[in-house]
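Hi everyone, thanks for coming. I'd like to walk you through a structure that may be new to you, so please have a look at it while I talk.

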Amino acid sequence: QVQLVESGGGLVQYGGSLRLACAASGIIFSINNMDWYRQAPGKEREWVAHITSGGSTNYLDSVKGRFTISRDNAKNTVYLQMNTLRPKDTAVYYCAAALSSVPGPGYDYWGQGTQVTVSS
């Protein structure tokens with residue numbers, strides 16, 4: 001059974017930094033794209049950052065220059081380094097991965113989320 005487990009959330013002051021991690025475990029043949037999403041209270045979930053298996057990245061405009069997504073393929077882990085955090089970044093952050101346990105097309109898996117709270 002495949003699981004994605006996030007860690008690294010917490011409470012931080014305006015301008016501070018946090019590093020989120022999301023580790024995939026279970027029977028894994030390959031992991032393609034990996035993404036971070038977030039959902040603030042009363043709002044819809046929004047996409048934040050994307051990284052391909054080859055390391056190409058893409059970001060939500062409001063986090064460009066502040067957030068960095070990276071991955072360690074040997075550890076089946078994706079990271080989100082968040083700098084210069086703002087109160088508007090407060091949300092539950094989720095990771096998602098397009099993953100297959102056998103050769104061939106796989107499925108999208110989601111983590112359980114980790115809370116990030118930025119105080120002003």
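Let's begin with Met 34, whose bridge partner in β9 is Ala 97. That pair is part of a longer contact: β4 and β9 run antiparallel and are joined by eight bridges. Before I go further, please keep in mind that this is a predicted model.

Let's stay with β9, which covers residues 91-100. How many of the ten residues of β9 are buried? Eight of them are, so to speak of β9 as mostly covered is fair, taking buried as under 20% relative accessible area.

β4 is one partner of β9, and there are others to look at. β10 pairs with β9 in the antiparallel sense, over four bridges. Within that pairing, Ala 96 has Trp 110 in β10 as its bridge partner. β9 and β10 form a hairpin with six residues between the strands, and there Gly 104 takes a positive phi near 120°. Then comes strand β11, residues 114-119, which pairs with β9 over three bridges, again in the antiparallel sense. Here you can find Ala 91 standing opposite Val 116 in β11.

Please keep Trp 110 on your screen, as I'd like to turn to the aromatic rings. How many aromatic pairs does a search of the whole structure find? The search finds one. The pair consists of Tyr 37 and Trp 110, with ring centres 4.8 Å apart and planes at 50°, so it counts as tilted. Where do these two residues sit? Tyr 37 is in strand β4, residues 30-39, and Trp 110 is in strand β10, residues 107-110, so the pair ties together parts that are 73 residues apart in sequence. Are they buried or exposed? Tyr 37 counts as partly exposed, at 22% relative accessibility, and Trp 110 is partly exposed too, with a relative accessible area of 39%.

Trp 110 has a charged neighbour as well. Arg 45 lies over the face of Trp 110, at 4.9 Å from the ring centre. The charged end of Arg 45 also sits over the ring of Tyr 94, 3.8 Å from its centre.

While we are in strand β10, look at Tyr 107, which is found there. Tyr 107 counts as exposed, at 60% relative accessibility. Its C-alpha atom and that of Asn 32 are separated by 10.0 Å, although the two residues are 75 residues apart along the chain.

Now please move over to strand β8, residues 77-82. β8 is mostly covered, with five of its six residues buried. Which strands pair with β8? Strand β3, residues 18-25, pairs with β8 in the antiparallel sense over six bridges, and you can spot Ala 23 opposite Thr 77 there. Strand β7, residues 67-72, also pairs with β8 in the antiparallel sense over six bridges. In that pairing, Ser 70 stands opposite Tyr 79 in β8.

β7 and β8 form a hairpin with four residues between them, and Asn 76 is in the turn. Asn 76 has a phi near 50°, a positive value in a residue other than glycine. With a relative accessible area of 24%, Asn 76 is partly exposed.

Thr 84 also has a positive phi of about 50°, although it is not a glycine. You'll find Thr 84 in the loop between β8 and β9, and at 43% relative accessibility it counts as partly exposed. Ser 17 belongs to another loop, the one between β2 and β3, and is partly exposed with a relative accessible area of 40%. How far apart are Ser 17 and Thr 84 in space, C-alpha to C-alpha? The distance is 6.2 Å, while in sequence they are 67 residues apart.

My last stop is the largest pocket, which has a volume of about 260 Å³. It is lined by 14 residues, and those closest to its centre are Arg 38, Lys 43, Glu 46, Lys 88 and Asp 89. The lining divides into eight charged, three polar and three nonpolar residues.

That's my tour, and I'm happy to go back to any part of it. Thanks for listening!

Note on methods:
Residues numbered from 1 in each chain as written. Predicted model: local features only at pLDDT ≥ 70, side-chain atom pairs only at ≥ 80, totals over all residues. Heavy atoms only, no water. 1 Å grid on protein atoms, 1.4 Å probe; cavity = no way out; pocket = protein on both sides within 12 Å on 5 of 7 lines; lining within 4 Å. Points joined across faces, edges and corners; volume = space filled by probe spheres on them. Nonpolar A, V, L, I, M, F, W, Y, C, P; charged D, E, K, R; others polar. Buried < 20%, exposed > 50% of the residue type's maximum accessible area, 1.4 Å probe, protein only. Pairing = 2+ DSSP bridges. Phe/Tyr/Trp six-rings, centres within 6.5 Å; stacked < 30°, edge-to-face > 60°. Lys NZ or Arg CZ within 6 Å of the ring centre and 35° of its normal.
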